[in-house]
Structure formats: C-alpha cells, structure tokens
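Hi,

Here is the structure I said I would pass on to you. Have a look at it first, and then read my notes below.

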Amino acid sequence: MFRNALMTLSVVTAGCFCAPPAPPPPPQVMESPDAGVGASARGNLRFKGPERLVNDVAAALELRADQVCTELGQYQCAGQVHNVALGGVDPYGPGLYEPSGITAVTTPLVVDRIALSACARRVDADLATPQTAVVFRGVPLNGKKLANADGAELPAVIGELTRRVLLREPYDREVSRYVQLAKELDASTEAEPARAWMQAVCFAVVSSTESVFY
Amino acid sequence: MSLRSNGRLSRRQALKALSLAAAGTSLSPLLSGCRNALVTEEDVERGVRRDALDGKPRFLITIAAAGGASIIDSFLAVRASEAGSNAARLNTFPDSAVQAVSGSPFRAVRYMGPRLGAIPIAVNTNQLAFAQKYRDDMLVATSTGTSVNHVIAQKRAITGNAAWKGRTLQEAVALQWGQGFPLPNVNMAVGGFAERGTDGSLPASCYAETVTGPSLWPLGLDGAKGIRGAPSRDVVELARRARNELDDGSVFGRTFGGSDALTRWRTQRADGAKLEVQDLITKLNVIPDMPPQIPLSQYGLSSSPDGARLRQVFPEFFTDPFEAQAALAFLLLKHRVSVAVTIGPDFNVTVGGPNGIANPPLAFDYSHNDHRGGQAYMWARILGIIDRLVTLLKAEPFDATESLWDRTMLYVATDFGRTRGRPDNAMEFGTGHDLNNGFLLMSPMVKGNTVLGGVDAATTMAYGFDPRTGQAQPGKFVSNEPDIYSGVLTAMGADLSGSGLPDASAFKG
C-alpha cells in the first residue's frame, strides 16, 4: 500500500518536473472566406464597456479581474482610472449617470493598455512556470528565440488563444499572419523575440475589434 | 515668464515662440491645409466658412459654476441704500460691503461671516482685487433663463437653449477651430455642463472627451507606455499592424465594417496614434514622481516639464479636482491639444485648502442653506482659479506677437440666479432658484469693462439689453439665452453665417 503510494507520488513528481508541457491541441483552422460575407444590415455593434471587457479578458487568460491592468501598480485601469473612457459611469463624482454610448478617442488606447498589461502578465506566468502554462505551453525555445517558427506548436498556441478570447477556431489567414509576425520578430533586434511574439500575438487577439465589440 | 508691460514678448520669449512654431511646421498642413481642404458643402450647411477665419485657433475655457452663481452677489451687487424701502427684504448688502471698482461699472463684494451655514469655518472674501485687476477683460451680460432645474439649466447655459441646432458652445468652437487638434473638446465638468449637444451632424471629434479624473487621465493617452513588462514600442507597432490588417479582413470586420461603431473605432485608433506621437502622456502629466504612492519612474514615466510649476500654482491639485482640472486645462491649450476645455467644481464636499473645506456641498447651491456665505465662498473659489489660470495663459506665448490669453475666451457658465427675498435684514438666509441672473465673460476679445443690461435696484432683478447695440433696456425680462450664446461666439470672431443666431455685436471688443 505504502509502496504503491510512493510509486504513484514518484510518477506524478516525474510528470510535473520532467515531462515537457504538452502544447495545446491543434486548431481546426477554418478557411478564410474570400467573398460571400454578408454585411450586417443593422450593424448594431456595442462596445463591451469596462466590466464586461475586463471580466472577459480575465476569464480568457485565467487571471483575476484585479490582475488584468493597474496603473502604476495600484489603480485599477477599468474600475477607476479609465472607467469613463471605457464607457462607464461616474455618478458620485461628476454626476455622470448614463454611459455616453459611444467610444471616445482615448478608448482604443486604453483598450491597448489593458490588453498589453494582461498579456504581459499571462506571458510572464507561462514562461516562469511552463508546466502550468495556461496559453503559451509546449512552445520549444532556443534560448530567447522560438526554436521553430514553422512548427506545429505556434498554430496550436494561436488556436488556443483564439478559442479562449474569441470563442472560435482561428482562420487560416490569422494563423499565417501571426506566424509571419513571429518571423518578423525573429529577424528583428528584439532581445527576447519569443517572449515578444507571445505578448504581441496575445495583444493583437485581445485588442481586436472582434474581442472588444459584441 | 510674463509679457512686458506693453503686452509684447521679450526677445527670449519671441525666440522661444518661433522655435515652437518651427517645431510645429510638420503639423501645419493639418492645421491649415486640412482646414481649407475640408471646406465642403456640408461645412457651409453647418455654418462654417473656414476661409473667413484667420487660420489661427482661438480657445474657449468654460468655467462651469455649478449650482447657481448669483451675479448680484458679485459684480452687479446692490447696496441697501439704493433699494429704498425694499432693502431689508431683498438680497441687498450693507453699503460698505459693496465696493466700487474705479473707472468701471463693476462692483465687488466684501463678505465676512463667522461660519458657512452649518460648517464651522469663517468666510472672509473680497472680490475687489480681482475686479480691479481684470476689469478691462471683463464683460457681464444680464440674463433670463428658461429653467430652474439644475441639469437642464446647465445644458442651456452651453447651448443657448438649442440656439444653433443644439450644438454646445464647446462643440461650435471645436468645429470652427479644432481641425488638426487631437482632442478639440475636453470636458471635465458635471451634470448638464458635461452633456453632449443635440446636433448629430457634427464630426465625431467635435464632441467632448469626458475627463473625470484629471490627475491620472493622461495615462490613457498612450497605449503602451508605463505598463510594466510590456514589449518595446517596435513590437507593439508590429502587433498593431498585424491586428489592424486582420481586423479589416476578418469575417467580423466585413460583416460589421459599415457600422457606425466600427467606422468610429477605426478613426479613433488613428487619432490615438497622434496622441502617442506627441508624448502627451508625459506633457499633460502634472503628478510628480513620488514613490511609493506615485512611482512614475519605476514605470518608465515622468512628470510634465511644466509639472513643478503647475503644482506650485495649484498646490491642492491632489485633493481638489477643480485645481487639477485647471492645471490640465492650461496644458491642453499650451500643447495645442484642445480648443475648448470645460472645468468646474462639482457638488461634493472637497476637504482641503487653508480652512479645511475647499468645496462646500452642492457648490453654489449651498445657497439653499446659507446664501450669502455660500455665494461669497464659491465666488472666491471660482475667481481664485480664474486668476491663476489667466496668469498662466498671459505668460505663455501663442506666437511671436500674442500670448495664449490673447486668443482665449473664458466663459463663466452657471445654472441660474437665486431668489431675491430674505427675512427682514437677515444676514444668514437661504435662497431658491431664479431664472434671472447674469454671466461673466473674460477675454481680451470681449468689449471689456462693460455691463450689458443692468439691475433694477428696487427689485434687484437684472433687466436686459439690445445684443446688437448693447443699449440697456430697463423693463426687459424675457429669455435671452441665444444672445449670450451668440455673444460668446461673436466675441471670439466665429463665423456664424447661416446659424440664425442673433446679432450680438455688443459683446465684441
């Protein structure tokens, strides 16, 4: 009994510390339609607003909502500093009881800040503990670079990210563009091209129009 | 730095202004060429003939004096001896409290009281120094409004009760002079003063960018700077390029690409890039690097080069939002970010300042509890901010020949006046809302040292005037909201052709 327990423990331990993390399942890449996309007659799109945006990002990247973005490490981006820019209200201070209903000039910048902040945190965590990586798992590295930008692991990660953020499989155009991004960064003078790619692709998906409107 | 006594710039200031102008050369196509290129049939329809303008921007600062700033508690105060037998029951002052401003039709109230309503702080204010200092740039126009509901009256104070297709003064100014400015219209005020106008035909950039926290708001003027662990700017730009390409070609983008929301979003993304290029996250950032509460440097950020100076001018900016708004207003004009900026106190208590209360509850509307103390306190607060703001603007060159103040209109908008009655000879009393009042305009562009209209001392009610000639019209007590609206724009030199606004030439200097 005791021996069995020890054996089980040793197997689990070996699994935790020695086995390379498995990459996400390969995506069922969809073919990008060249034509035949019907334009919406009503076009009734809504911006997500502060709470929905942050909660969605938090859920997609498995972060706590209060970890998604803070200014200067202490002021909540969506709940405090940029609440109104994200379409929120502020009844107790300036008496803004109703949301404006439209995005402001600064809204895209604030969305970028939130996406960058959340993605930086996710990538940091995934690289620090590969065995428990949530999104960027199973990506072989060669030092600070991606070991193989043409390998199957990158599309797998892109698929994982797309499923988490956009709740669908990626299109082939998206996969090829983000793989191209990896190659652009690999050829750049960036000190940590692998990390930069992970942050960049995460940022691009999280801050895409499909992600922030509904 | 200040202008010489003759109003001209020193050689050093002129050189600085010229260097600024040279630095801005790359923006000039946006500021002028674009303006001319944009003259369309729609512009003519909207009432904008940009070729009629001088090509240089003019600025509007609206001070939203929330709660009802009473003009007969300031520059049109009435002495008891002038009101005859009615004096004891009307809001008249002891003669000694109403001071003459030499060489001017204005008056100035001196008030001393042991408390501010139920708030145990002494009130000791005097408007004389302000009136003497600025009389030549001051114009007071009497008014009769159409609402005593705060929010509605506030909005009408900035739309002239829908005098020009429902657009606010700020929107009109943004349309006239805001081309090429990244955020032409910034609004930090409250209630109806913060509302958008009802003219839906304006370009989106004319509608106000709402700012509720002026101290930290500049952090949202860059999409990447100051985020710990974020990749380099080059990486962000590569990622944005990939994202934007995919956005445009995606099924989502093609399905909803024609929607108003996505059309606006694409424009705003492009406009946001202009904010980043100007490094406004730094230039507009008044807060200091003060770890651990404000660890700017730890996040790769820094305070504005003007930060220390502005913190000295507005020392309560951390705790008093009105001071923080004023500091930001100055920077928005200085860096040519905005042509219309709206600031003002809110209805909340603000703790701070020399006696512990910077803003009483309900701002001017504290007059319900203590009219005279509340008005005196709030007028001192408004005039104190104006004085510091105008001093800054006077010292800031616009170009080689003018200061920023030379091209700025300051409009003290307010909800309405206050009822005139009081218990016999009471010095502490409460008042309600009254349509009858007056507005203060300040600018080198107005006809200075002027009162349009007047006050009937026997009733303390303000009577009207002819907005074209300026002739006082005793007995005229009809609504003149469009006159005030037109007067602000007329004094600024706006092109009002096709607007249908009344001729308000009397406001123009």
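Let's start with one residue in chain B. Leaving aside its neighbours within four places in sequence, B:Leu404 is in contact with B:Leu333, B:Lys334, B:Leu393, B:Glu396 and B:Phe398. Keep in mind that this is a predicted model. You'll find B:Leu404 in the loop between α14 (371-395) and β11 (408-414) of chain B. Is B:Leu404 buried or exposed? Neither, quite: a residue needs 20 or more other C-beta atoms within 10 Å to count as buried, and B:Leu404 has 19, so it comes out as partly exposed. Try finding B:Arg58 as well: 346 residues separate it from B:Leu404 along the chain, yet their C-alpha atoms are 8.8 Å apart.

Further along chain B, go to strand β17 (residues 461-465). Four of its five residues are buried, so the rest of the structure largely encloses this strand. β17(B) has a partner on either side in sequence. With strand β16 (residues 454-456) of chain B it runs antiparallel, joined by three bridges, and B:Val455 stands opposite B:Ala462. The hairpin of β16(B) and β17(B) has four residues between the strands, and there B:Thr460 takes a positive phi near 65°. The other partner is strand β18 (residues 472-473) of chain B, again antiparallel to β17(B), with two bridges joining them. Here B:Gly464 stands opposite B:Gln473. Six residues lie between β17(B) and β18(B) in their hairpin, and B:Gly470 in the turn has a positive phi of about 85°.

Now over to chain A and helix α5 (residues 153-166). It has 14 residues and spans 19 Å from its first C-alpha to its last, close to the 20 Å expected at 1.5 Å a residue. How many of the residues of α5(A) are buried? Twelve of the 14, so you can call the helix mostly covered. Among the buried ones are A:Glu153, A:Pro155, A:Gly159 and A:Arg164. What covers them? The cover for the buried residues of α5(A) includes α2 (49-61), α6 (172-186), α7 (193-206) and α8 (209-212) of chain A. Just after the helix, A:Leu167 takes a positive phi of about 60°.

Last, see how the two chains meet: 57 residues of chain B are in contact with 56 residues of chain A. On the chain B side, β7 (209-210), α8 (233-249), α9 (251-256) and α10 (260-277) each supply at least two of the residues that touch chain A. Sorted by class, that side of chain B has 26 nonpolar, 18 polar and 13 charged residues.

Cheers

How values were computed: Residues numbered from 1 in each chain as written. Chains lettered and ligands numbered in written order. Predicted model: local features only at pLDDT ≥ 70, side-chain atom pairs only at ≥ 80, totals over all residues. Contact = placed C-beta atoms within 7 Å. Nonpolar A, V, L, I, M, F, W, Y, C, P; charged D, E, K, R; others polar. Expected span 1.5 Å × (residues − 1). Pairing = 2+ DSSP bridges.
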